[in-house]
Amino acid sequence: MSDAQIRVMLVDDQELIRTGFRLVLLGEPGIDVVAEAADGEAALAELASLEASGGGCDVVLMDVRMPGMNGIEATGRIVAEHPATRVLVLTTFDLDEYATGAIQAGASGFLLKDARPDDLVDAIRRVAGGDAAMAPSVTRRLIEQLRLADPAQASSGSAAPEVSGAAGAPGADTDPHAVFEVLTERELDVLRLIAEGLNNAEISAELFLSESTVKTHVGRVLAKLQLRDRVHAVIFAKQHGL
């Protein structure tokens, strides 16, 4: 994505918020706001129109609370119908249930609505580049949910989302750490740091590796565990006791 424009769609039912995000992104080199929508249905229609015209969209900045089709349902549809498009979901401190729903729907990241402009731009660039972006506060809350989740409460909807990998979720007679045997020692180190919420630069500094080497290790971890991105790697690691 470094040599191409990152095509962004803004999806929010409040025009004022869309305008604010558009103004922030207007002066950013390499980022082009190609469409806007006020709800999930309109977003899907815009995506179809963009692709029909030979264009497309790389990142959708998606609100969750909208009339009609909400952001969670729209995210699931986009991931299924437009796999080349990644979704960055807007969330807030007091609505963490939407973050877990977005994970299940296939979102690639979460951003707080009051994020600084620099954080918004960085998150869009990371997601467009195939990475994941999560607000630190959201990461901490998700990890805490995973630590406290009671499997017996799964049917009530209060447990953390389940993420399946190469070995699936551990059963009662399965060693939860056995799923990590496919990883090398260094890859396991990288996964531990991913699970703590560190980005590639921070992992690079922690392990005294180049960022390109870290990126390679991250890719191998995701491939071996059959995980979509590092957001799901965090969930998978915590569910399996890492």
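**Exercise 1. Classify K113 and follow its salt bridge.**

Task: Is K113 buried, partly exposed or exposed in this predicted model, and which residue does its side chain meet in a salt bridge?

Solution:
1. The relative accessibility of K113 is 28%. Buried requires under 20% and exposed over 50%, so K113 is partly exposed.
2. The side chain of K113 forms a salt bridge with that of D63, at 3.4 Å from N to O.
3. K113 sits in the loop between β5 (109-112) and α5 (117-128), and D63 in the loop between β3 and α3; the pair therefore ties together parts 50 residues apart in sequence.
4. D63 has a relative accessible area of 4%, so D63 is buried.
5. The pair also belongs to a network of salt bridges that links D12, D63 and K113.

**Exercise 2. Compare two salt bridges that involve helix α7.**

Task: Where do E187 and K224 lie, and where do D189 and R192 lie?

Solution:
1. Twelve salt bridges are present in the structure.
2. In one of them, the side chains of E187 and K224 meet at 2.9 Å, N to O.
3. E187 is in helix α7 (residues 185-195) and K224 in helix α9 (residues 211-225), so this bridge ties together parts 37 residues apart in sequence.
4. E187 is buried, at 3% relative accessible area, whereas K224 is partly exposed, at 31%.
5. Another bridge joins D189 to R192, with 3.4 Å between the closest N and O atoms.
6. Both D189 and R192 belong to helix α7 and are three residues apart, about one turn of the helix.
7. R192 has a relative accessible area of 39% and is therefore partly exposed.

**Exercise 3. Describe the nonpolar cores.**

Task: Which residues touch the most other members of the largest nonpolar core, and which element supplies the largest share of this core?

Solution:
1. The largest nonpolar core has 27 residues.
2. Within this core, M9, V11, V60, M62, I78, V89 and F110 touch the most other members.
3. At least two core residues come from each of the strands β1 (6-11), β2 (31-37), β3 (59-62) and β4 (86-91), and from each of the helices α2 (40-52), α3 (71-81), α4 (96-105) and α10 (230-239).
4. Helix α2 supplies the largest share, four residues.
5. Another core lies apart from this one; it has 23 residues, including F180, L191, L227 and A233.

Terms used
Residues are numbered from 1 along each chain as its sequence is written. This is a predicted model: local features need pLDDT of at least 70, side-chain atom pairs count only at pLDDT 80 or more; totals for chains, interfaces and linings use all residues. Side-chain values use heavy atoms; hydrogens and water are left out. A nonpolar core is a set of buried Ala, Val, Leu, Ile, Met, Phe, Trp, Tyr and Cys residues joined through side-chain atoms within 4.5 Å. Buried means under 20% relative accessible area, exposed over 50%, partly exposed in between (1.4 Å probe, protein chains only). A salt bridge is a side-chain nitrogen of Lys or Arg within 4 Å of a carboxyl oxygen of Asp or Glu.
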